[in-house]
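Student: I have a structure open and would like to learn how to read its features one by one. Could you walk me through it?

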Amino acid sequence: MSETKEKVYDFVIVHGSYGSPFENWFPWLFQQLESKGYNVLVPQFPCGIGFQNYENWFRVLDVYRPFFGAQTSFIGHSLGPAFITDYLLDTKLKVKGLYFVAPLYQKLHAPEFDLINEPFFIKNDFQEVANLSEKRMCFISENDPYVPNSVSLDFAQKIEAEIKMVQQAGHFNSAAGYNTFPQLLSEILDS
């Protein structure tokens, strides 16, 4: 937990495409971490064609950069990990941990997602991500209907992340029964 007088965020949770801080397991994880005394940020990023792009998301998150530090961990779902990766590479921010759920960093060959996801795939120096974070972990579903596990595995290997394969987790969203995520919470608290 942060010990400084200024509010420094221990955790930042980043939603994915067409997402919101109020869906899936995000509110549950926020409440679990806050109840343990951690400072948690779950920003709303612009969504939809014309609004969802790296520059707009960067502007939203960068307002909080003075409150990030070496004890901050980022948690991202779906497109969130691609954005977090690019943000860290642009800012050279060193962080404690990266916990990525159903991560991707390439087109999915699904026009409704590729159109708005592609502006986030702008970096390729994935080795640097390992240098900017102490711990990296990716949760990958064996039956994700949106992000093939081969895509998530490729990204996890590029950033040298520990891989947690999860059976029957779908896209780790409410439709797959993920309104809570005890396995993620347990890994975060064990770090």
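Tutor: Gladly! Let's begin with a single residue: Asn117 lies in helix 4, which covers residues 111-117. Keep in mind that this is a predicted model.

Student: Is Asn117 buried or exposed?

Tutor: The general idea is to compare the relative accessible area with a cut-off: under 20% is called buried. Asn117 has a relative accessibility of 3%, so Asn117 counts as buried.

Student: And which residues is Asn117 in contact with, leaving aside neighbours within four places in sequence?

Tutor: Those contacts are Ser17, Gln52, Leu79, Leu104 and Leu108.

Student: Let's step back, then. How many helices and strands are in the protein?

Tutor: The protein has seven helices and six strands. Read from the N terminus, the elements follow the order β-α-β-α-β-α-β-α-α-β-α-β-α. The radius of gyration is 15 Å, close to the 16 Å that the globule rule gives for 191 residues, so the protein is as compact as a globular protein of that length. If you like box dimensions, the C-alpha trace spans about 45 × 30 × 30 Å along its principal axes.

Student: What do the overall burial and contact numbers say?

Tutor: Of the 191 residues, 54% are buried. Among contacts with a separation of 6 or more, 74% are between residues 24 or more positions apart. As for the surface, the protein exposes about 8600 Å², and carbon and sulfur atoms supply 50% of that area.

Student: What about the charges?

Tutor: There are 14 positive and 22 negative charges, and their mean positions are 6 Å apart.

Student: How do I read the sheet?

Tutor: The general idea comes in one sentence: strands of a sheet pair through backbone hydrogen bonds, either parallel or antiparallel. Here, six strands form an open sheet in the order 2-1-3-4-5-6, with parallel pairing. Strand 2 (40-41) and strand 6 (162-166) stand at the edges with a single partner strand each, so one side of each has no neighbour in the sheet.

Student: Which strands does strand 3 pair with?

Tutor: Strand 3 (residues 73-77) runs parallel to strand 1 (residues 11-14), and four bridges join them. In that pairing, Ile13 stands opposite Ile75. Strand 3 also pairs with strand 4 (residues 95-101), again in the parallel sense, over five bridges. There, Gly76 stands opposite Phe100 in strand 4.

Student: Why is strand 3 described as largely enclosed?

Tutor: Five of its five residues are buried, so strand 3 is largely enclosed by the rest of the structure. To look at the faces, recall that in a regular strand the side chains alternate between the two faces of the sheet. In strand 3, Ser73, Ile75 and His77 are on one side, Phe74 and Gly76 are on the other, and all of these are buried.

Student: Now a helix residue again, please. Where is Phe83, and what does it touch?

Tutor: Phe83 sits in helix 3 (residues 80-91). Its relative accessible area is 0%, so Phe83 is buried. Not counting residues up to four places away in sequence, Phe83 touches Val14, Phe45, Tyr54, Trp57, Phe58, Leu61 and Phe120. You can also check a distance across the chain: Phe83 and Gly16 are 67 residues apart in sequence, with their C-alpha atoms separated by 9.0 Å.

Student: What can a loop residue look like? Take Asn173.

Tutor: Asn173 is in the loop between strand 6 and helix 7 (182-190). With a relative accessible area of 13%, Asn173 is buried. Leaving aside neighbours within four places in sequence, Asn173 is in contact with Asn24, Tyr146 and Tyr178.

Student: Which residues other than glycine have a positive phi?

Tutor: Two examples will do. Tyr18 has a phi near 55°. Tyr18 is found in the loop between strand 1 and helix 1 (26-35), and at 40% relative accessibility Tyr18 counts as partly exposed. Glu160 also has a phi near 55°. Glu160 lies in the loop between helix 6 (149-158) and strand 6, and with a relative accessible area of 43%, Glu160 is partly exposed.

Conventions
Residues numbered from 1 in each chain as written. Predicted model: local features only at pLDDT ≥ 70, side-chain atom pairs only at ≥ 80, totals over all residues. Heavy atoms only, no water. Helix = DSSP H or I, 4+ residues; strand = E, 2+ residues; numbered from the N terminus. Rg over C-alpha atoms; globule rule 2.2 N^0.38 Å. Buried < 20%, exposed > 50% of the residue type's maximum accessible area, 1.4 Å probe, protein only. Contact = heavy atoms within 4.5 Å. Areas by Shrake-Rupley, 256 points an atom, 1.4 Å probe, with all protein chains shown as cover. Lys, Arg positive; Asp, Glu negative; His and termini not counted. Charge placed at Lys NZ, Arg CZ, Asp CG, Glu CD. Pairing = 2+ DSSP bridges.
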